[in-house]
Amino acid sequence: ALGPLLAPLASLEVLSLSNNCLRSLTDWPPLATLTTLNVNFNRLSSLDPLACCVQLERLYAASNRVASIAPLAGLARLKTVSLYRNRLASLDACLDVLAALGLLTELDLGANPCAVGPAYRHQLVGSLPGLAALDGDNLSDLDRELAAAFFDAADADAADAAALYGD
């Protein structure tokens, strides 16, 4: 268990536990000063213990087994989140959490089940105005214009369908 190892490090700011075959972060102590955490390339299925890391600004949790990012909802200081190649299936569930992270500028959700089709990129770009980089690519004005056009077209299609079917 990590708890006894980390407990004496209460003022820790940066921690890398990548490539350790970790299955869980149980007994995680309240690391109130932690700003950067790297848990890439493990076997983690839950980020629940991170909810107490309120100073966290950068989270690298790529190549794990994470299916929900709900525990990140209260981490208002997050600027960078990398969850590449996990098990995130619902883009809507991810957006519910990510929309609350007002300082978020870098996001990587690539290679997750939710990261398919053009709607994926357009939804994230259109819903997260502060985002500067997505899946390793810097975002441009063109990305934002395409996202807006995608939503405008979807709204027009919905209005046409409502008119056609008397909704």
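**Salt bridges, a positive patch and positive phi angles**

Arg 121 forms a salt bridge with Asp 143, with 3.7 Å between the closest N and O atoms. Arg 121 belongs to helix H3 (residues 117–127) and Asp 143 to helix H4 (residues 141–165), so this pair ties together parts that are 22 residues apart in sequence. The two partners differ in their accessibility class: Arg 121 is partly exposed, at a relative accessible area of 24%, whereas Asp 143 counts as buried at 16%. As the model is predicted, these values describe computed coordinates.

The count of salt bridges comes to three. Glu 57 takes part in a network of salt bridges that also links Arg 58 and Lys 79. Within this network, the side chains of Glu 57 and Arg 58 meet at an N to O distance of 3.2 Å. Glu 57 also pairs with Lys 79, where the closest N and O atoms are 3.9 Å apart. Lys 79 is located in the loop between strand E3 (58–60) and strand E4 (80–82), and Glu 57 in the loop between strand E2 (36–38) and E3, so the contact ties together parts that are 22 residues apart in sequence. The acidic residue of the network, Glu 57, has a relative accessibility of 18% and counts as buried, because the limit for that class is under 20%. Its basic partners are partly exposed: Arg 58 has a relative accessible area of 27%, and Lys 79 one of 35%.

A positive surface patch is formed by four arginine residues, Arg 23, Arg 43, Arg 65 and Arg 87. Of these, Arg 87 is placed in the loop between E4 and helix H2 (91–98). Residues of such a patch have no salt bridge.

Backbone geometry was also examined. Asp 27, although not a glycine, has a positive phi of about 60°. Asp 27 is found in the loop between strand E1 (14–16) and E2, and its relative accessibility of 54% places it in the exposed class, because that class begins over 50%. A positive phi, near 65°, also occurs at Ala 111, again a residue other than glycine. Ala 111 lies in the loop between strand E5 (106–108) and H3. At 44% relative accessibility, Ala 111 counts as partly exposed.

How values were computed. Residues numbered from 1 in each chain as written. Predicted model: local features only at pLDDT ≥ 70, side-chain atom pairs only at ≥ 80, totals over all residues. Heavy atoms only, no water. Buried < 20%, exposed > 50% of the residue type's maximum accessible area, 1.4 Å probe, protein only. Helix = DSSP H or I, 4+ residues; strand = E, 2+ residues; numbered from the N terminus. Patch = residues over 30% accessible without salt bridge, like charges linked within 9 Å, V, L, I, M, F, W, Y side chains within 5 Å. Areas by Shrake-Rupley, 256 points an atom, 1.4 Å probe, with all protein chains shown as cover. Lys, Arg positive; Asp, Glu negative; His and termini not counted. Charge placed at Lys NZ, Arg CZ, Asp CG, Glu CD.
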